[in-house]
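Good morning, colleagues. Today I shall present one structure, moving from charged side chains to the fold as a whole. Please look at the display.

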Amino acid sequence: MKTANIAGDVINLMNDLLKWQEGIERALRDLDGMYSFNDVVKSVLRGEQHFYQFEECCVIMQEESYPGYSVYHCFIACGTTEAILAAEPKINEIAKGLGCKYMSLSGRVGWPRRLKAHGWKHRLSIMHKEVY
């Protein structure tokens, strides 16, 4: 019986995350210091967020549970819009397997326009103001 190579799996995961570090950090800049790359790595290693790597994109998802249903939320997506959209069916299957009712994402203002033709609906806008 073959045993799992946990150390090797963690090393491979770290190498994959490091490959996308620049894009992940670029996406995190929009969050104004709320998270660092190391925060994301820790969250993925703890299993709180799920990292998926595809040929031309990566996606970091997190399951969010609410009293009425669960949502598979896209925390970060890096790569071209086309590559991210091509990854959607795989992410959808995972969300379905987790028992989620919806997938969601929060992102820059251009995403609703880009995703509307692909069945996504713009539900809310998130705004923030620094505490003074």
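Let us begin with Glu-48, which counts as partly exposed at 44% relative accessibility. The model before you is a predicted one. In it, the side chain of Glu-48 meets that of Arg-46 in a salt bridge, with 3.0 Å from N to O. Arg-46 counts as exposed, its relative accessibility being 54%. For those new to the subject, side chains of opposite charge can pair when their charged atoms come close. Between these two residues lies Gly-47, which takes a positive phi of about 85° just after helix H3.

How many salt bridges are there in total? The count comes to five, and I shall describe two others. One of them joins Lys-42 to Asp-39, whose closest N and O atoms are 3.9 Å apart. A salt bridge requires a nitrogen within 4 Å of a carboxyl oxygen, so this pair, at 3.9 Å, is counted under that rule. Both residues belong to helix H3, where a separation of three residues amounts to about one turn of the helix. Lys-42 is partly exposed at 44% relative accessibility, and Asp-39 is partly exposed as well, at 30%.

A further salt bridge links Arg-26 with Glu-22, and here the closest N and O atoms are 3.5 Å apart. Why are these two separated by about one helical turn? The reason is that they stand four residues apart in helix H2. Arg-26 is partly exposed at 45% relative accessibility, whereas Glu-22 is exposed at 58%.

We return to helix H3 for its buried residues. These are Phe-37, Val-40, Val-41, Ser-43 and Val-44. They lie on the same side of H3, because the arc they cover around the axis is only 165°. What do the buried residues of H3 pack against? Their partners are helix H1 (6-19), H2, strand S1 (50-53), S2 and S3.

I turn now to the aromatic rings. The count of aromatic pairs is two. In one of them, Tyr-35 and Phe-75 meet edge-to-face, with 4.9 Å centre to centre and 80° between the planes. This pair links distant parts of the chain, for Tyr-35 is in the loop between helix H2 (21-29) and helix H3 (37-45), while Phe-75 is in strand S3 (residues 70-79), 40 residues apart. Is each ring's residue buried or exposed? Phe-75 is buried, with a relative accessible area of 13%, whereas Tyr-35 is partly exposed at 33%.

The other pair consists of Tyr-69 and Tyr-102. Their ring centres are 5.2 Å apart and their planes stand at 65°, so this pair is also edge-to-face. Distant parts of the chain are again linked: Tyr-69 is in the loop between strand S2 (57-65) and S3, and Tyr-102 is in strand S4 (residues 102-105), 33 residues apart. Tyr-69 is partly exposed, with a relative accessible area of 37%, and Tyr-102 is partly exposed at 38%.

One more ring deserves mention. The charged end of Arg-114 sits over the ring of Trp-111, at 5.4 Å from the centre of that ring.

Next come the cysteines. A disulfide is a covalent bond between the sulfur atoms of two cysteines. How many disulfides are counted here? The count is zero. Cys-57 takes part in none, and the nearest cysteine sulfur, that of Cys-58, is 7.0 Å away. Why does Cys-58 not bond with Cys-78? The sulfur of Cys-78 is the closest cysteine sulfur to that of Cys-58, yet at 4.0 Å it is too far for a bond, since the rule asks for sulfur atoms within 2.5 Å. Cys-57 is buried, with a relative accessible area of 0%, and Cys-58 is buried too, at 0% relative accessibility.

Finally, let us consider the whole chain. It has five helices and four strands, and along the sequence they follow the pattern α-α-α-β-β-β-α-β-α. The C-alpha trace spans about 50 × 35 × 35 Å along its principal axes. Of the 132 residues, 31% count as buried. Among contacts with a separation of 6 or more, 50% are between residues 24 or more positions apart. Thank you for your attention.

Conventions:
Residues are numbered from 1 along each chain as its sequence is written. This is a predicted model: local features need pLDDT of at least 70, side-chain atom pairs count only at pLDDT 80 or more; totals for chains, interfaces and linings use all residues. Side-chain values use heavy atoms; hydrogens and water are left out. Rings of Phe, Tyr and Trp (its six-membered ring) pair if their centres lie within 6.5 Å; planes under 30 degrees apart count as stacked, over 60 as edge-to-face and the rest as tilted. Buried means under 20% relative accessible area, exposed over 50%, partly exposed in between (1.4 Å probe, protein chains only). A charge sits over a ring if NZ of Lys or CZ of Arg is within 6 Å of the ring centre and within 35 degrees of the ring normal. The arc is that of the directions from the helix axis to the C-beta atoms. Contact means heavy atoms within 4.5 Å.
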